[in-house]
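Let's look at a protein together and ask how each label is earned. Take a moment with the picture, then follow the questions below.

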Amino acid sequence: MKVAVVTGASKGIGRAIAEMLADEGYSLALGARSIEDLKKLAEGLETEVFYHYLDVSRPESVDDFAERALKHFGGVDLLVANAGVGYFGRLEEIRGEDFEKMLQVNTLGLWRTVKAFLPSLKKRKGTVVAVTSDVSARVFPRGGAYVATKWAARALVRTFQLENPEVRFLELRPGAVDTHFAGSRPGKPKEHGFLKPEEVAEALRCLLKLPSDVRVEELMLRSVYQKPEY
Ligand code: NJP
C-alpha cells in the first residue's frame, strides 16, 4: 500500500487530490488548519487516513505533523505540497503582513514540508508534487507579491530536484481553479475560465500512472476559457 501526504487537504485542489489518491488506493496523511473539514473528508474516504492539524507557516507544526505521519505509516511514497494562500494588490499598496503570510505559506512552508519528508522520500525513491501556479514563471499587475512567492517556490523545487536525483519532483502549475482561493466562492460557471479542482486531480492521476523511471518535471494546465499567457 503506497502512502501519500497532502497538505492543504481541507478544501479545493488539495481535497480533490486526496479524494483521487484514495480512489487510487493510497493511504493518506492529510494536513491543514481546518481540522473539522479534514475529519469530514477522512470519514468519507475508503482508505486508511491519518489527519492532523498543520500550519505550514510554523516550523514546529510542520515537524510535529511529519513526525506523527511518519510514525503512523512508517514512511511516505508521495508528498503533495499544496497548501497556499493568495493576496493581491499593486506592489506599493499590498500590506506587508499579507506579503509575509504568502512567503511563510507558499515559499517557506513548501521548503519546510519537503525538508521534513525528504529522508523518507529518498529511502522510498518517492515523488514530490509541488502545487505552485501558472504564474510561477510570469508576472501580472496586482499579482507581484503572490507571483514572487511562486517563482521562489519554483526555484526551490528545481534546486531540491538537482540536489536529490533519487526523488522525482513535479511542479504542478494550475491556472485559475474554482476553489476558495483568495477568498473566492466555488461554483463559478466554466465559461469564467476556471478549472474544477477535480480536473487538476484527474491530470495528476494520469501522470502518476506513468512508469517510475519517467520524471515529469512540470505540468501547466488551464481552462480553455482562460487566456493563454506566458
Ligand atoms: O485554494 P483553497 P486552492 N497551513 O483556498 C490550506 C494554488 N493555486 O485549493 O489551513 C496549512 O480552496 C487551506 O487549509 P486551511 C494555490 O496557490 C490556486 O485553490 O484549513 N494549510 C486549504 O486546504 C495553492 O498553493 C489557484 O485553511 C494551509 C488550502 O491550503 C494551491 O493551488 C491558481 C495554510 C487552500 O485551499 C491550492 O489552493 C493557481 C497553512 N498555513 C494556483 N494556509 C486557483 N485556485 O485559482 C492555507 O495558479 N492552507
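Q: What makes R173 count as buried or exposed?

A: This is a predicted model, and every value here is computed from it. R173 has a relative accessible area of 6%. Buried means under 20%, so R173 is called buried. You will find R173 in strand β6, which covers residues 168–174.

Q: How do you know that the side chain of R173 makes a polar contact with S133?

A: The side chain of R173 reaches the backbone oxygen of S133 at 3.1 Å. A polar contact needs a pair of N or O atoms within 3.5 Å, and the R173 pair meets that distance. S133 also appears among the residues that come nearest to the ligand, along with R33, S34, P174 and T179.

Q: Why is D64 called partly exposed?

A: D64 has a relative accessible area of 28%. Buried means under 20% and exposed means over 50%, with partly exposed in between, so D64 is partly exposed. D64 belongs to helix α3, residues 59–73.

Q: What about T159: why does that residue count as partly exposed?

A: The relative accessibility of T159 is 36%. Partly exposed lies between the 20% and 50% cut-offs, so T159 gets that label. T159 sits in helix α5, and its side chain reaches the backbone oxygen of A155 at 2.7 Å.

Q: What makes S34 a polar contact of the ligand?

A: A polar side-chain atom of S34 lies 2.5 Å from an oxygen atom of the ligand. The cut-off is 3.5 Å, so S34 makes a polar contact with the ligand. Y146 passes the test too, with a polar side-chain atom 2.8 Å from an oxygen atom of the ligand. For L54, a polar backbone atom is 3.4 Å from a nitrogen atom of the ligand, which is also within 3.5 Å.

Q: How much of the ligand does the protein bury?

A: Taken alone, the ligand exposes 890 Å², and the protein buries 95% of that. The space taken by the ligand is the largest pocket.

Q: Which kinds of residue make up the shell around the ligand?

A: There are 30 residues around the ligand. By class, the shell has 14 nonpolar, 11 polar and five charged residues. Helices α1 (12–23) and α5 (144–163) each supply at least two residues of that shell.

Technical notes
Residues are numbered from 1 along each chain as its sequence is written. This is a predicted model: local features need pLDDT of at least 70, side-chain atom pairs count only at pLDDT 80 or more; totals for chains, interfaces and linings use all residues. Side-chain values use heavy atoms; hydrogens and water are left out. A residue is near a molecule or strand if one of its heavy atoms lies within 4 Å of it. A polar contact is a pair of N or O atoms within 3.5 Å; within protein, one must be able to donate a hydrogen and the other to accept it, and residues adjacent in sequence count only if both atoms are side-chain atoms. Accessible areas come from the Shrake-Rupley method with a 1.4 Å probe; for residues, only the protein chains shown count as cover. On a 1 Å grid over the protein atoms alone, a cavity is a set of points where a 1.4 Å probe fits but cannot get out, and a pocket is an open set with protein on both sides within 12 Å along at least five of seven lines; lining residues have an atom within 4 Å of a point. A molecule sits in a cavity or pocket if more than half of its atoms lie within 2 Å of its grid points. Helices (H or I, at least four residues) and strands (E, at least two) are DSSP runs, numbered from the N terminus. Ala, Val, Leu, Ile, Met, Phe, Trp, Tyr, Cys and Pro count as nonpolar, Asp, Glu, Lys and Arg as charged, and the others, Gly among them, as polar. Buried means under 20% relative accessible area, exposed over 50%, partly exposed in between (1.4 Å probe, protein chains only).
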